[in-house]
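I set out to look up how the strands pair, how two helices cross and where space is left between the atoms. My entries follow in that order.

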Amino acid sequence: MVTYKVTVSTGNILNATTFSSVSIKLVGTDGESERTWLLSFKWLISFLRGAVSSFNVYCPTSLGKLVLIELDKQHLPFFPEDSWFPAKVEVKAPEGDTYHFPIYRWITDNEVNRFREGTALKVFDDDHHLGQYTREQELKKRAEDYVWDIYDAEIPHHIKAVKAISLPAEVQFSFTKTAEFAFTLATALAELNLKGLDDSEERWDDLDAINRVFFSKDPAVSEYVQKHWKEDALFASQFLNGVNPMMIRRCTVLPENFPVTDAMVFLHGQGSLKEEMKKGNIFLCDYQSLDGLEANTINGKKQYLMAPLVLFHKTPEDKLMPIAIQLKQTPADDNPIFFPTDSEYDWLMAKIFVRSADFIEHQLNTHLLRTHLLAEVFAVSLLRNLPMVHPLYKLLVPHTRYTLQINVLARNRLISEGGIFSQFTSCGKSMITVLQRSLASVTYSSLCIPDNIAERGLQDVPNFYYRDDGLRLWSIINKFVKGVLNYYYDTDAEVQKDSELQKWIQDIFEHGFLSQTGNGIPQRFTTVAELIKFVTMVIFTCSAQHSAVNTGQYDYCGWMPNTPSTLQLPPPTTKGTTDETTMLHTLPDVNTTVQSMASLWLLSKSSSDFVAFGQYPEEHFIEEVICQLIKDFQRRLALLSATIKIRNQTLEIPYTYMDPAEFENSVAI
């Protein structure tokens, strides 16, 4: 008779405890144990939250190398039905070897659940018949649990789930997250002391009235925005370090539909656009994707959304400043080009219309499509096509945490017909059109920050902290991913013959990018280098990029005049006709403003079960080499975080959105 010592760790999260009876079967290369009930003198507390309990399993002879365990949870009479969240099981064999079985998932049923030994194995390395059998079984079950669905035929597909509660338990919010994320405007309105204003369809009387309801989330940013929002320097800096740093690009040739001349922007012949473009000092933002959209109707009033063009100049003092704004795409007498030399309110109104257009471009393209929807595609394909034992599953699953549920909630409550988004933005019925146009414009290079920065010609723009921090993060992530994947894939041929890996990228290409060719998105992987770059992009998108375009929403949009979610008068067609009253009548009504503030407040909050980027409380990898790579990764991230914090002490507006200590592994909000 031989003895196996079994140690079971229950997760340290709310409601992880079970009072059910738990049994285990050990499966090895030379046999399997009898099913053994895990009983001890401390039975009722063996599987409490955070408990680590040990048991003995006896077998007539050695089972050989352990490859699998089976766990079975049976409800007991007189106890309520419950779920259990085992973290891991460790088994010490009589030969002295210790086998690790990562679990980290809810067991909600009374069925037999099988879990593989923790060594990462690609499909062609997993040649034992038991391993192959359970691998296929697991993927069959996952294909039933994670089904693709179509919200609109021309935007990325998503998981089929009518409500968040219908998602598999393993991807649902924790109890803590669920309790804190009561996604209602009422909650946020109460937190911001805005109750009673959400049904007021009145206009704002003056800026002081807006100031009285403004609540500062981060004084270093949001209060600065409130005080300086009219200034050209802040207007320009937001295109580099605000929540949408993805629009601006170096301009080498003026668009034909933006007829700016030297005389318009350089007084007394003191400069030349051609010469400044040659020096790399002229930059452009073009919102062509918003042209021709049907604007919303709010409070019975037609709203207005422009498709502006904005020209910037880098001054000899290395400051980026706006020099010309055209609010519609087609030049015309009633579509004047505005300049800083115009009257105060002509120029301010032009900037307000630009910021409002940027709000829509940011929310639907930069934020929703390019982080949330793509992250969901990456996650669903991972969960459908890669078993838990696959090294890529182990690497990427922490970067899928909460993403599916947050997106189900967004589809049901935010972007659905009649949802919250349609109640306070200028876009309304045109949301899907914007998403369709945006997906059609996505390229692989635009998702990879080194390529994106180079393509936009922004390598040497001063004071561009999104670029600086983002490139360092990409490099750190890439080094980590390269170390992990090079450990498991010795040759390009191994990548090519990994059928599970190829199915993962094929699903992403088909369901995420709708099989569109010409955008550079890979349809399959042929080299290890291709795989490393794509996985780097996935991790960067789900973590750092999402933080860059999400976390600062309230900082820059909470003070409504800086970034109005909608505007309710058309732009001026003749210069010299605007004043403060015109501006106040153009800004959104009281209820629209507070709904926007409350929504952005919610979307910018993190929960108390926040897990900082690069921290992996769930130990999916057991190989010493990979564990060391993780420690090296965390050390580099800590060094970058310290560097960013030191840099920020010298900045008038600190840039914290890509500090790895400040954002999560996944799209979790």
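Entry on terms. I count two strands as paired if DSSP finds at least two bridges between them, and I keep in mind that the model is predicted. By that rule S1 and strand S7 (residues 86-92) are paired in the antiparallel sense, with six bridges between them.

Entry on the sheet. I then followed the pairing outward and found an open sheet of four strands in the order S5-S1-S7-S8, with antiparallel pairing. Strand S5 (52-59) and strand S8 (98-102) are at the edges, and because each has a single partner strand, one side of each is left without a neighbour in the sheet. From one strand to the next I noted a twist that averages 20 degrees.

Entry on registers. I went through the pairs to see which residues face each other across the sheet. Strand S1 (residues 2-10) runs antiparallel to S5 and is joined to S5 by eight bridges, and in this pair Ser 9 is opposite Val 52 of S5. On the S7 side, Val 8 stands opposite Val 89. S7 and S8, also antiparallel, are joined by five bridges, with Glu 90 opposite His 100 of S8. I looked at the connection as well: S7 and S8 make a hairpin with five residues between them, and Gly 96 in the turn has a positive phi of about 105 degrees.

Entry on the helix crossing. At what angle do H9 and H11 pack? I read an angle of about 130 degrees between H9 and helix H11 (residues 403-414), with the axes 9 Å apart. Angles over 145 degrees would count as roughly antiparallel and those from 65 to 115 as roughly perpendicular, so H9 and H11 are oblique to each other. I recorded the crossing of H9 and H11 as left-handed.

Entry on the pockets. The largest pocket holds about 910 Å³ of space. I found 43 residues in its lining, of which Ile 13, Phe 85, Tyr 104, Arg 401 and Glu 618 lie nearest the centre. S1, S7, helix H2 (175-180) and H11 are the elements that give two or more residues to this lining, which brings my entries on the sheet and on the helix crossing back into view. By class, the lining of the largest pocket has 21 nonpolar, 13 polar and nine charged residues.

I turned next to the second largest pocket, with a volume of about 720 Å³. Its lining has 23 residues, and Arg 105, Val 112, Asn 113, Lys 141 and Asp 145 are those nearest the centre. Strand S9 (112-116) and helix H1 (129-145) each give at least two residues to the lining, and H1 supplies the largest share, eight residues. I noted seven nonpolar, four polar and 12 charged residues in this lining.

Entry on the cavities. How many cavities of 30 Å³ or more are there? I counted seven, and I followed up the second largest, which holds about 110 Å³. Helix H9 (344-385), helix H14 (444-447), helix H15 (449-455) and helix H19 (528-550) are the elements that give two or more residues to its lining. H19 provides the largest share, three residues. Among the lining residues I listed Met 246, Arg 370, Cys 448, Tyr 466 and Phe 540; by class, the lining of this cavity has six nonpolar, five polar and one charged residues.

How values were computed
Residues numbered from 1 in each chain as written. Predicted model: local features only at pLDDT ≥ 70, side-chain atom pairs only at ≥ 80, totals over all residues. Heavy atoms only, no water. 1 Å grid on protein atoms, 1.4 Å probe; cavity = no way out; pocket = protein on both sides within 12 Å on 5 of 7 lines; lining within 4 Å. Points joined across faces, edges and corners; volume = space filled by probe spheres on them. Nonpolar A, V, L, I, M, F, W, Y, C, P; charged D, E, K, R; others polar. Axes fitted to C-alpha atoms, helices over the stretch in contact; angles between N-to-C directions. Parallel < 35°, antiparallel > 145°, perpendicular 65-115°, else oblique. Left-handed = near helix turned anticlockwise from the far one by under 90°.
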